[in-house]
There are 2 protein chains.
Amino acid sequence: MDIPQELRKLGLKATLPRLRILQLFQESKAKHLNADDVYRLLHDEGIDMGLATVYRVLMQFADAGILIRRHFESVASVFELNEGGHHDHLICTGCGRMEEFLDAAIELRQEAVARERNFVLHEHSLSLYGLCGDCADSVQPGSGRRLRRS
Amino acid sequence: MDIPQELRKLGLKATLPRLRILQLFQESKAKHLNADDVYRLLHDEGIDMGLATVYRVLMQFADAGILIRRHFESVASVFELNEGGHHDHLICTGCGRMEEFLDAAIELRQEAVARERNFVLHEHSLSLYGLCGDCADSVQPGSGRRLRRS
DNA sequence: ATAGGTGCAAAAGGTTTGCAATCAA
DNA sequence: TTGATTGCAAACCTTTTGCACCTAT
């Protein structure tokens with residue numbers, strides 16, 4: 001089905017800001033964008049939309065399940081397209097690279113932990129931080145010294 | 001050893017704000033406090049210290065390893081005493097109650113996931129969100145309805 | 001036509017910083 | 001004494017909100 005119609009089904013009018021933001025997430029190389037990224041990228045395309053609108057649309061999309069809002073260590077929250085499958089993140093603190101993963105054993109143990117403590121689990125957030133192969137290699141070899149965090 | 005001396009060993013002068021904040025974390029019932037909590041609790045004790053100082057001290061303590069800074073879903077970051085053992089959190093979205101847990105299997109799998117992707121792991125953050133027994137019980141029984149998040 | 005959406009500017013949290021005054025060592 | 005630390009106020013950054021104008025349906 002076409003996008004405008006899908007938006008309407010969610011009770012959202014198919015306005016230009018909404019269509020452009022959705023398109024950005026669908027086409028952008030970076031899967032994770034914060035409000036300012038979106039604002040800036042659209043401006044670079046010559047689309048002049050207010051930051052407040054970006055925030056409003058991102059929230060509406062997150063509420064509607066089109067986007068997922070994530071809270072990593074950074075101050076600003078980032079959004080990514082909700083493509084259905086749940087996943088967690090592995091983040092390189094050197095270059096910012098982000099990989100997704102899903103580990104069945106971890107998912108099962110999370111359920112078990114919650115059950116043992118009599119909790120009904122609704123969601124979870126798991127982020128692993130470290131250095132990717134490339135960044136680990138750029139550490140001064142031989143010395144114990146470590147590159148400062150970038 | 002006494003606290004003032006330990007602070008000095010870390011290169012921090014044993015000032016009143018520092019001593020009071022440390023004492024607060026050691027004696028407070030709530031293990032997780034944000035900057036504003038600390039500021040408010042100390043003011044309630046009649047200690048009149050600036051919010052900026054609270055922030056500075058919390059950061060210094062976190063850098064020194066005395067405190068751990070956590071980023072949960074809420075906007076403000078919270079701090080807890082670093083008592084050595086790593087642990088993750090199980091948080092009730094109904095009443096805010098927080099339980100700590102450590103699951104060996106999860107820890108191992110995290111290492112494995114990182115290894116498979118050629119990452120050197122430095123840290124991770126795992127938070128489980130759900131309803132604790134008490135809050136789950138307060139859901140309208142019989143109906144499928146769920147209590148709104150408080 | 002009109003309910004919903006937008007831009008702008010202002011406000012609202014949370015956090016950081018510059019600076020002169022103060023304090024621990 | 002002297003460099004570290006503090007309080008205050010102002011600045012910053014991210015996010016939210018009020019309001020008059022605009023637009024998709």
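Which residues line the largest cavity?

## The cavity

Keep in mind that this is a predicted model. The lining of the largest cavity draws on both protein chains: His71(A), Phe72(A), Glu73(A), Ser125(A), Ser127(A) and Tyr129(A), along with His71(B), Phe72(B), Glu73(B), Ser125(B), Ser127(B) and Tyr129(B). Strand E6 (120-131) of chain A and strand E6 (120-131) of chain B are the elements that give two or more residues to this lining.

How much space is in there? About 70 Å³. Sort the lining residues by character and you get 4 nonpolar, 6 polar and 2 charged.

## Two matching copies

Turn chain A by 179 degrees, with 0.0 Å of shift along the axis, and you can lay it on chain B with an RMSD of 0.1 Å. The two copies are therefore related as by a two-fold rotation axis. Both use the same surface, since 97% of the contact residues of chain A recur in chain B. In chain A, Leu126(A) is the residue that comes closest to the axis, with its C-alpha at 2.2 Å.

## Meeting the DNA

Now for DNA strand C, which has 21 residues around it. The closest are Thr15(A), Thr53(A), Arg56(A), Arg8(B) and Tyr55(B). H4(B) gives the largest share of this surface, 5 residues, and the surface as a whole divides into 10 nonpolar, 4 polar and 7 charged residues.

Which parts of the DNA are involved? Of the strand C atoms within 4 Å of the protein, 68% belong to sugar or phosphate and the rest to bases. On the phosphate side, a polar side-chain atom of Thr53(A) lies 2.2 Å from a phosphate oxygen. As for the bases, polar side-chain atoms of Lys13(A) and Lys13(B) lie 3.3 Å and 3.4 Å from a base nitrogen, respectively.

How values were computed:
Residues are numbered from 1 along each chain as its sequence is written. Chains are lettered from A and ligands numbered from 1 in the order in which they are written. This is a predicted model: local features need pLDDT of at least 70, side-chain atom pairs count only at pLDDT 80 or more; totals for chains, interfaces and linings use all residues. Side-chain values use heavy atoms; hydrogens and water are left out. Copies are superposed by least squares on the C-alpha atoms of residues with pLDDT of at least 70 in both. Contact means heavy atoms within 4.5 Å. On a 1 Å grid over the protein atoms alone, a cavity is a set of points where a 1.4 Å probe fits but cannot get out, and a pocket is an open set with protein on both sides within 12 Å along at least five of seven lines; lining residues have an atom within 4 Å of a point. Grid points are joined across faces, edges and corners, and a volume is the space filled by probe spheres set on the points. Helices (H or I, at least four residues) and strands (E, at least two) are DSSP runs, numbered from the N terminus. Ala, Val, Leu, Ile, Met, Phe, Trp, Tyr, Cys and Pro count as nonpolar, Asp, Glu, Lys and Arg as charged, and the others, Gly among them, as polar. A residue is near a molecule or strand if one of its heavy atoms lies within 4 Å of it. A polar contact is a pair of N or O atoms within 3.5 Å; within protein, one must be able to donate a hydrogen and the other to accept it, and residues adjacent in sequence count only if both atoms are side-chain atoms.
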